[in-house]
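Me: I have just opened this entry and would like to be walked through it slowly. Could we take one part at a time?

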Amino acid sequence: MSIICGIPLLECVYCLACARWAWKRCLHTAGHDSENWGIATAEEFEPVPRMCCYILAVYEDDLRHPLWEPPEGYGINPDWLEHKKSYEDTDGQAPPYILYLDHDHEDIVLAFRGLNLAKESDYAVLLDNKLGQRKFDGGYVHNGLLKAAEHVLLMESDTLKKLVMKYPNYTLTFAGHSLGSGVATLLAVLAVQNRAELGNIDRRRIRCYAIAPARCMSLNLAVRYADVINSVVLQDDFLPRTATPLEDIFKSLFCLPCILCLRCMRDTCIPEEKMIKDPRRLYAPGRLYHIVERKPFRMGRFPPEVRTAVPVDGRFEHIVLSCNATSDHAIVWIEREARRALELMLKKDPIMEIPTKQRMERQETLAKEKKEEYKAALQRAVTLSVPHAFTPSQYGTFDEEAESSPGSAGESSFGSVRRTRSTETFDEYSAKEDSYR
């Protein structure tokens, strides 16, 4: 009898616990993910709206007669466009992209479009991955995205090398949205590891902007390449918060009402310490820029604020219950809000009016602060026992001599791949390389 009398009490406790969990999840907003981060400066955030425009330009068939040009324009001079590649040019192994020479900003830009829902080849790239399938440079990466990046690098290495050597002061920038962000990210990593094949370009001249990034690399790699890769997330965007395998993304997209709550419950119940110590778990890469423009229990959008950090723990781990989870993924909205955020930054801090010498000193100070933040992030990864995480001195990421050398400890021998690509596939070569390691 005493046992039967205790059942209602247990039910009440269980219901209260569930109600508390649901209340906390409903109160959890995207702003909580970055509430302890620093505020981005106009200097570091300035390229983001421009990269969004370049990505939007990939969707145009003819840039001289654009059909979808935003009011501010794409900011592209058609005469400076090196070439544009379609699905036919890439054999469906990578999304379409443009190679653009931005002489105004002294930049060589390779920009990729996002996922095309009508193309089976894009689905093939996304779904070509299993948990822990592809080891790479002391960590794990998404297999399909890496293969797409390798394919593009083989196609464009000669052109990029020619441009890098012709314009020695220009930066080399990879940019992409959604699916393209994963390809651009891993292409930047390959470029860093194979700088000798790109005219011995300095690591500091290589950068990547992953807009609405896919989770494509393990945590140790995401932190280690934070000096090269920059990820931009708009408020509640679901993709940086959706763990791979990427079939979960399609469940979230096409069955969002019935899957989202179950996903939230599962992610919430997994301790963060367990997630961090899983070496196969993939994350949004590099330094993160979070555009926050909505607040809980308030209607409409507010002036956007951009927060930035190189986080180790609390790195967009949980899906946000929001009706904007999919709309915040759209490149059009990201470009619009990034432009608004930059305009607000320039109003508060008009950097263009600062004398050139002081502006250069300010940029040097900012670079030094970033460097210290990267070191702290790497040390934090070691402290949290992140698999395969090492101190900066062991990797040489921030060592000046290591940066000036064309190779790295995790070099993938791209030159050997070029010589043998006619007789063996990348998968076969990677299998050999893994066995050697």
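Me: What share of strand S8 is buried?

Reply: This is a predicted model, and in it 6 of the 6 residues of strand S8 (residues 206-211) are buried, so S8 is largely enclosed by the rest of the structure. Both of its faces are covered, with Ile206, Cys208 and Ala210 buried on one side and Arg207, Tyr209 and Ile211 buried on the other.

Me: Which way do S7 and S8 run, and how many bridges join them?

Reply: Strand S7 (residues 171-177) and S8 run parallel and are joined by 6 bridges; as one example of the pairing, Phe174 has Cys208 in S8 as its bridge partner. To get from S7 to S8 the chain passes through helix H8 (residues 179-193), and this β-α-β crossover is right-handed.

Me: And S10, how does it pair with S8?

Reply: S8 and S10 also run parallel, here with 4 bridges between them, and the bridge partner of Ala210 in S10 is Ser231.

Me: OK, so what is the whole sheet like, open or closed?

Reply: The sheet is open and consists of 9 strands in the order S1-S13-S12-S10-S8-S7-S4-S3-S2, with mixed pairing. Strand S1 (38-39) and strand S2 (81-85) stand at its edges, and because each has a single partner strand, one side of each is left without a neighbour in the sheet.

Me: What is the pairing like at the S1 edge?

Reply: S1 pairs with strand S13 (residues 305-309) in the antiparallel sense over 2 bridges, and Ile39 stands opposite Arg307 in S13.

Me: Which strands do helices H4 and H7 touch or lie across?

Reply: Helix H4 (residues 47-57) lies across S2, strand S3 (97-102), strand S4 (107-112), S7, S8 and S10, and it runs at about 70° to S8. Helix H7 (residues 143-166) packs on the sheet as well, touching S2, S3, S4 and S7, and its direction makes about 10° with that of S3.

Me: Back to S3 then, are its faces covered or open?

Reply: Both faces of S3 are covered, since Tyr97, Leu99 and Leu101 on one side and Ile98, Tyr100 and Asp102 on the other are all buried. With 6 of its 6 residues buried, S3 is therefore largely enclosed by the rest of the structure.

Me: What are the pairings of S3 with S2 and S4?

Reply: S2 and S3 run antiparallel and are joined by 4 bridges, with Leu99 in S3 as the bridge partner of His83. S3 and S4 pair in the antiparallel sense over 6 bridges, and they form a hairpin with 4 residues between them, where Glu106 in the turn has a positive phi of about 50°.

Me: Changing topic, where is Ala226, and is it buried or exposed?

Reply: Ala226 is found in the loop between helix H9 (219-224) and strand S10 (229-234), and at 0% relative accessibility it counts as buried. Leaving aside residues up to four places away in sequence, Ala226 touches Gly286, Arg287, Val310 and Tyr374.

Me: And which residues of helix H6 are buried?

Reply: In H6 (residues 120-127), Ser121, Asp122, Val125 and Leu126 are buried. They cover an arc of only 140° around the axis, which puts them on the same side of H6.

Me: Finally, how many helices and strands are there in the chain?

Reply: The chain has 18 helices and 13 strands, and of its 437 residues 53% count as buried.

Conventions: Residues numbered from 1 in each chain as written. Predicted model: local features only at pLDDT ≥ 70, side-chain atom pairs only at ≥ 80, totals over all residues. Heavy atoms only, no water. Buried < 20%, exposed > 50% of the residue type's maximum accessible area, 1.4 Å probe, protein only. Arc of directions from axis to C-beta. Contact = heavy atoms within 4.5 Å. Pairing = 2+ DSSP bridges. Right-handed = clockwise from strand over helix to strand, strands pointing away. Axes fitted to C-alpha atoms, helices over the stretch in contact; angles between N-to-C directions.
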